[in-house]
Amino acid sequence: MRILSVQTIKAKLYLISFILVVSMLAFGFFEMVSFRKIDNLQFAAQEPAHSKADLLKLRRHEKDFLARLDVKYIKQFNADQIALTDRINRVKEILRQYSNQHESSFDYALEVLDQYSTQFNVITDQSILIGLTMKDGLR
């Protein structure tokens, strides 16, 4: 208690007040950091539901293209594939701040998504080459 060996009561009061204010500021800072982490993790927890919906949209665009042979579904598929890849990468980056445990799972999901997109685009290129209508392509 050498710190509180100040001679006057007023000086002791100022010292205790200063320590209290510094402690409250430190607590506020740590609370802000904790809330930021919670917000990030909550965002990362909600994203898989959106990713599932995006994946279903990709499948719908693929089905629509194969059924209708319309080029607009190729554009929609590619746009949604880019959005899904970005979403997965955002979640991967958020979770990387806390642990690298799931990094290989994210890499695998991105690889499979890329393969799916590549295969779809090969099918669409071949369909365009053959011809989407009776007047187009090799028909």
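## Salt bridges and ring pairs between helices

Glu 47 has a relative accessibility of just 5%, so it counts as buried (that's under 20%, with exposed over 50% and partly exposed in between, for a 1.4 Å probe and protein chains only). Keep in mind that this is a predicted model, with local features needing pLDDT of at least 70, side-chain atom pairs pLDDT 80 or more, and totals for chains, interfaces and linings using all residues. Residues are numbered from 1 along each chain as its sequence is written, and side-chain values use heavy atoms, with hydrogens and water left out.

### Charged pairs

What does Glu 47 pair up with in a salt bridge? The partner is Arg 87, and the N to O distance between the two side chains is 2.5 Å (a salt bridge needs a Lys or Arg side-chain nitrogen within 4 Å of an Asp or Glu carboxyl oxygen). Arg 87 sits in helix α2 while Glu 47 sits in helix α1, so this bridge ties together parts that are 40 residues apart in sequence (helices are DSSP runs of H or I, at least four residues, and strands are E runs of at least two, numbered from the N terminus). Arg 87 is buried as well, with a relative accessible area of 16%.

A second bridge joins Asp 80 to Lys 57, where the closest N and O atoms are 3.9 Å apart. Again we go from helix α2, home of Asp 80, to helix α1, home of Lys 57, so the pair ties together parts that are 23 residues apart in sequence. How do these two residues stand in terms of burial, buried or partly exposed? Asp 80 is buried, with a relative accessible area of 14%, whereas Lys 57 comes out as partly exposed at 29%.

Both bridges belong to something bigger: a salt-bridge network that links Glu 47, Asp 54, Lys 57, Asp 80, Arg 87 and Arg 90. How many salt bridges does the whole structure hold? The search turns up 10. One of these is between neighbours: Lys 63 and Asp 64 meet through their side chains at 3.4 Å, N to O. Lys 63 counts as exposed with 51% relative accessibility, but Asp 64 counts as buried with 9%.

### Aromatic pairs

Now for the rings. The structure has 4 aromatic pairs (Phe, Tyr or Trp rings, the six-membered one for Trp, with centres within 6.5 Å; planes under 30 degrees apart are stacked, over 60 edge-to-face, the rest tilted). In one of these, Phe 29 and Phe 30 have ring centres 5.7 Å apart and planes at 65°, so they count as edge-to-face. Phe 65 and Phe 120 make another such pair: their ring centres are 5.9 Å apart and the planes are at 80°, so this one is edge-to-face too. That pair reaches across the chain, since Phe 65 is in helix α1 and Phe 120 is in helix α3, 55 residues apart.

Here's how the four Phe residues come out for accessibility.

| Residue | Relative accessible area | Class |
|---|---|---|
| Phe 29 | 44% | partly exposed |
| Phe 30 | 55% | exposed |
| Phe 65 | 0% | buried |
| Phe 120 | 2% | buried |

Which residues does the aromatic cluster bring together? Ring pairs link Phe 65, Phe 77, Tyr 116 and Phe 120 into it.

### Glu 62 beside the rings

Glu 62 is worth a look alongside that cluster. Helix α1 takes in residues 9-68, and Glu 62 is part of it. Which residues does Glu 62 touch, leaving aside its neighbours within four places in sequence? The contacts are Phe 77, Tyr 116 and Phe 120 (heavy atoms within 4.5 Å), and each of those three is also a member of the ring cluster. Glu 62 also comes within reach of a residue far along the chain: although Thr 124 is 62 residues away in sequence, the two C-alpha atoms are separated by 9.3 Å.
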